[in-house]
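Trainee: Could you walk me through how helices pack in this structure? I would like to understand the words people use for it.

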Amino acid sequence: MGTAAKTEILIAGAGAVGLLAGLSVARLGRRAIIVGRIETRRLARTVALFDGSIRLLQALDLWPRLAPHAAPLARMCIIDDTGSLFRTGPAFFEASEIGLDQFGWNLENADLIGELVREVQAHPNLTLIDGLLADVSFADDHVAATSEEGHAFEAQLLVAADGRHSLGRKAAQIDVREWTYPQIALTALLAHRRPHQNTSTEFHTRHGPFTLVPLPPKDGQNRSSLVWMMTPEEAERRKALTDADLANEIERQAQSMLGKITLLVGRGIFPMQGMTPDRFADHRILLMGEAAHVFPPIGAQGLNLGLRDIAHLSEIIEENISTDIGDATPTKAYDERRRNDVATRSWGIDLLNRSLLAPYLPVDFMRGAGLVGLSLLKPLRHFTMREGVTPQFGAPRIMRAARTRS
Ligand SMILES: Cc1cc2nc3c(=O)[nH]c(=O)nc-3n(C[C@H](O)[C@H](O)[C@H](O)COP(=O)(O)OP(=O)(O)OC[C@H]3O[C@@H](n4cnc5c(N)ncnc54)[C@H](O)[C@@H]3O)c2cc1C
């Protein structure tokens, strides 16, 4: 092994969070090395990014490159398909009600990662290394790491964006609480006969949501992505179906609202889990993205929360211009700022998911009453919509919107 490559910030992980964290710190004049496996295969995965996240991407000057790959989400529709006694009619939410043209945008993960990799490779402050860290150790004034490929690194700070099984988090001996749900998410990209009208539709079923999210048209086809939560047994059965048979089942569950459906590029299968660490930072390390929070893909919050991790780091760097970015002041500030935001989102999603899975009348009643409340009470409705897409409470400055009136 040669001498260690020295940098200010070492980023473990080259997923969306690691790459964006790199671009974000580089914009502030910091130097960083990103080490991770670069995954640009076209898998059946998309990501919906809300208004606050788009503000961050605009501030990083990335949005002009990403927008052509994305479809706007101008309208959301929630349909209670649980068969409960307290079932309500469809609830519609329009972005225009809170003064926005759209709540957010949906794009394929492969397009997002592809564009971010190109940006990172072109940035003079960033080095991207395709590999995996094998060992991390912490000293008083630096963090040292080596990769499986035999490279050595030394930095002031490790940003652990290395996913749910984070090596950095384990090396820092940060404990986690983990749990599982009796659910699998099946993902697919779909072509369909009728246009989606930029509407994202979520059917709430007894096994979790069935969510159709708009994508931009391609090769003359209307396209959407699907995240369908189901039992492990149903996932096994559906995995074995032919494309035509699975497309028929999807069309039936979608109540034929998009007309005839055909499957595009493969399918994804994701077991549903949750994870929360007992702290978000420690001596010379910050946790970000799925190294810091894992929950089911309900309400499209995961990467949006990861982008808030990044925006908080940027804010802290701006506040600590001359300090060693890995010392106790910035890491403590990061831990404090991320605690409430992550806890509130994880708790809200867990509660909604469990309320769908629990076939108890009082739970059904509460969920039904919640949807009715959201449909009828304008201030509550607007507050919930704003907090969902452009959170104000605990949100980093760069992601906050100027307040509009209800
Ligand atoms: C079905 C589904 C749908 C979703 N939809 C949405 C959505 O619509 N909106 C939304 O906001 N979120 C959504 N999410 C959540 C979102 O996908 C995740 O929050 C996001 O991908 C996490 O990104 P990440 O970079 O933290 O982790 P990952 O993408 O897992 O990246 C981790 C990186 O770390 C690397 N790595 C691992 N070990 C090491 C090591 N030892 N050294 C170096 N690197 C390492 C990996 O190679 C990888 O590059 C969805 C999730 C699922 C499962």
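Trainee: Why are helix H2 and helix H8 called oblique to each other?

Mentor: Start with the values from this predicted model. The axes of H2 (residues 51-59) and H8 (residues 302-319) cross at roughly 45 degrees and come within 9 Å. Angles under 35 degrees count as roughly parallel, and 65 to 115 as roughly perpendicular. The angle of roughly 45 degrees fits neither range, so H2 and H8 are oblique. Their crossing is left-handed.

Trainee: Which residues of H2 and H8 meet?

Mentor: From H2, Ser-53, Leu-56 and Leu-57 meet Asn-304, Leu-307, Ile-310 and Ala-311 of H8. This contact has 5 nonpolar residues, 2 polar and no charged.

Trainee: And why are H1 and H8 called roughly parallel?

Mentor: Here the axes of H1 (residues 16-27) and H8 cross at roughly 25 degrees, coming within 10 Å. Roughly parallel needs an angle under 35 degrees, so H1 and H8 earn that name. The crossing of H1 and H8 is right-handed. Its contact residues divide into 10 nonpolar, 3 polar and 2 charged.

Trainee: What makes the pairing of Asn-304 with the ligand a polar contact?

Mentor: A polar side-chain atom of Asn-304 lies 2.9 Å from an oxygen atom of the ligand. The cut-off for a pair of N or O atoms is within 3.5 Å, so this pair qualifies. A backbone N or O atom of Leu-303 also lies 2.7 Å from an oxygen atom of the ligand, and Leu-303 is among the closest of the 28 residues surrounding the ligand.

Definitions and conventions: Residues numbered from 1 in each chain as written. Predicted model: local features only at pLDDT ≥ 70, side-chain atom pairs only at ≥ 80, totals over all residues. Heavy atoms only, no water. Axes fitted to C-alpha atoms, helices over the stretch in contact; angles between N-to-C directions. Helix = DSSP H or I, 4+ residues; strand = E, 2+ residues; numbered from the N terminus. Parallel < 35°, antiparallel > 145°, perpendicular 65-115°, else oblique. Left-handed = near helix turned anticlockwise from the far one by under 90°. Contact = heavy atoms within 4.5 Å. Nonpolar A, V, L, I, M, F, W, Y, C, P; charged D, E, K, R; others polar. Near = heavy atom within 4 Å. Polar contact = N/O pair within 3.5 Å; in protein donor to acceptor, adjacent residues only side chain to side chain.
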